[in-house]
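Colleague: Got a minute to walk me through the two ligand sites and the core packing?

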Amino acid sequence: MPDVLVLVDHDGEHVYKSTYELLAAARRLGDPAAVVVGTPGTAGRFKESLARHGATSVYAAESGEAGEFLATPTVDALELAVRDASPAAVLVCATTDGREAAGRLAARLDAGLLIDAVDLDSSGVVTQIVFGGSYTVRSEVTHGTPVLALRPGAVEPEEHPVTAVERTLALPSVDPAASARITARRTGLAGDRPALNEATVVVSGGRGVGGAQGFEVVEELADALGGAVGASRAAVDAGYYPHQFQVGQTGKSVSPQLYIALGISGAIQHLAGMQTSKTIVAVNKDPEAPIFGLADCGVVGDLFAVAPQLTEGVAARRAVR
Amino acid sequence: MNIVVLVKQVPDTGAERTLSQTDHTLDREDADLVLDEINERAAEAALILKETTDAHITVVSMGPDSAREAIRKVLAMGADRGIHICDDRLRGADVLTTAKVLAAAVRTVEDVDLVLAGNTTTDGQASAVPAIVAELLGLPQLTHVRQLTVDAGQVSAERETDNGEATLQAPLPALVSITEKINEPRYPSFKGIMAAKKKPVHTPDLDDLFPDADDSGLLVTRTRVVEAVPRPPRAAGIRITDDGSAGRHLVEYLIARKLV
Ligand SMILES: Cc1cc2nc3c(=O)[nH]c(=O)nc-3n(C[C@H](O)[C@H](O)[C@H](O)COP(=O)(O)OP(=O)(O)OC[C@H]3O[C@@H](n4cnc5c(N)ncnc54)[C@H](O)[C@@H]3O)c2cc1C
Ligand SMILES: Nc1ncnc2c1ncn2[C@@H]1O[C@H](COP(=O)(O)O)[C@@H](O)[C@H]1O
């Protein structure tokens, strides 16, 4: 079986769930080989959990500089791993960083690139949902080593314990004239909540929430459901909630099991980011709001009355179990 | 300072978009085409720099004839000249070919200090073209930035992504992609619109941009669409009007669907 490279998405301490999703998808094409880019020691910490999810080899691309420069160390590592493994494909998460790394790698390999796939079959054909959910497109790479970016949350992670061989990649030193230095980092403000694109439940608030303070109602419902908080662009633009939580065409695309829209009208650009959710619930005062056109369960009412009651009911249910 | 701004013309997002039945590319015939909203902001970022340094701004766009409108709009906002790469062979070009063409066009501009782009387009949503252009030109990439400072040959920028925020620094020349949060774009003035009509727009020949391409020509795409099917619109489900107990009904609904 050929190797299939998987770029490990992590924060230095933890491997993100989306990496396990990639490993599960990679097994459809061959033997997953995980590529860890980080400071020395990172791959060793991750090896066991990667092997538990099917990684038959773990490439360690480690250097003190790896985290200090944007994009290039990751692309260097992937390129080295491709030269070493001649893989059937390279899989990365379709996050902001992942898309950029995938693009740059494809340029170095002059290879076909498919971004934001929601599925991958054993012949390497990829499924994408385009134009805000209006078309399903199946595509394949016809030139070079396929570089595929998979949307987080699209594939179920699976445990598949194997023994992993560790391999080392010697990262070249970074050229400071061709790479941007990261001088400070502030990680997500999500706190204890799951990341938007990893959450199985997303509760989003729109302009109808009325203010930053009103978002407490949204957060409380999200916390009761163990979900992430999202926001419409109108809510973000009005300063109710930070930009990184924006859902929609120019924000994040999410496909959770449950999406709850509170005080969101359902503009086409918002729908673009959430209409592939499994179940959609909407609460809106306006019975004509377009969001009702695709909600599986629509409640015409005041979110400040409905959401707290729902939060209370969910919390009570959780307490009983 | 020499600034290049990469802009794309996209179908108006308010309108419905369809894929052509014959070759699965975007049906542009009946779509309303506009300069991508985020690119207006990239142009604004360049114009703000022009106010404080004596910058010369070149607008570059790859696209069909109509893309000239997008270039004209940025010229009307205050940019100095345009480069329009328009060739039938580029129809359906993939992300990589698009980036190669743009990089080749940037190389025709002398002594470029800064390449500005949008962080994503509202149609393709690859969010990868700027990073690839940086790769091809060997420039540092400062992408997805909501704040930008250029001073003494250095760029610093605030990057904002799903991973959180980061402060980036690099020497010029560099490539920067901006997010919709960076600024509010100006409207072209009447004077600007009139002046734009006289500003030069070059249309380089594709074969001149790629003199070394072999006989088979430029590779336009490295992928193939196997199948494209319209997705059935989602149907509306049940509807409740709140009489004071809708929240409790919702709890029942979620329990019935095993969502709590
Ligand atoms: C290029 C482009 C990109 C865009 N990208 C995005 C994007 O990524 N994401 C995005 O979301 N938008 C995006 N938009 C904006 C989009 O068009 C809408 O303007 C936006 O989604 C509207 O947000 P909203 O539904 O919160 O606000 P509104 O449309 O103002 O709707 C607020 C809703 O709240 C309801 N409401 C008010 N009070 C209450 C209450 N107490 N209880 C219940 N309901 C109440 C109202 O009935 C109304 O329906 C984009 C637009 C453009 C042009
Ligand atoms: N055909 C094009 N012509 C000029 N610039 C482009 C083109 N395609 C993409 N870009 C630039 O790349 C940015 C991101 O595009 P994308 O990677 O396609 O989401 C855009 O905002 C533009 O600045």
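Modeller: Sure, and let's start with B:T121, which puts a backbone N or O atom 2.9 Å from an oxygen atom of ligand 2, a polar contact being a pair of N or O atoms within 3.5 Å. Bear in mind that this is a predicted model, with local features needing pLDDT of at least 70, side-chain atom pairs counting only at pLDDT 80 or more, and totals for chains, interfaces and linings using all residues. Residues are numbered from 1 along each chain as its sequence is written, chains are lettered from A and ligands numbered from 1 in the order written, and side-chain values use heavy atoms, without hydrogens and water.

Colleague: What percentage of ligand 2 does the protein bury?

Modeller: An oxygen atom of ligand 2 also sits 2.9 Å from a polar backbone atom of B:A128, and a backbone N or O atom of B:V129 is 2.8 Å from an oxygen atom of ligand 2. Taken alone, ligand 2 exposes 480 Å² (Shrake-Rupley, 1.4 Å probe). The share of that buried by the protein is 97%.

Colleague: Which element gives the largest share of the shell around ligand 2?

Modeller: There are 18 residues around ligand 2, B:L6 and B:M62 being among those that come nearest, where near means a heavy atom within 4 Å. Helix 3 (95-107) and helix 4 (129-137) of chain B are among the elements giving two or more residues; helices are DSSP runs of H or I, at least four residues, and strands are runs of E, at least two. The largest share, 3 residues, is from strand 4 of chain B.

Colleague: Which chains surround ligand 1?

Modeller: Of the 28 residues around ligand 1, A:R207, A:S232 and A:N284 are among those that come nearest. A:L303 has a polar backbone atom 2.9 Å from a nitrogen atom of ligand 1. The site is shared between chains, because the residues surrounding ligand 1 come from chains A and B.

Colleague: And the packing: which element gives the most to the largest nonpolar core?

Modeller: A nonpolar core is a set of buried Ala, Val, Leu, Ile, Met, Phe, Trp, Tyr and Cys residues joined through side-chain atoms within 4.5 Å, with buried meaning under 20% relative accessible area (1.4 Å probe, protein chains only). The largest has 59 residues, and A:L5, B:V60 and B:I85 are among those touching the most other members. The biggest contribution to this core, 8 residues, is from helix 3 of chain B.

Technical notes. Polar contact = N/O pair within 3.5 Å; in protein donor to acceptor, adjacent residues only side chain to side chain. Buried < 20%, exposed > 50% of the residue type's maximum accessible area, 1.4 Å probe, protein only.
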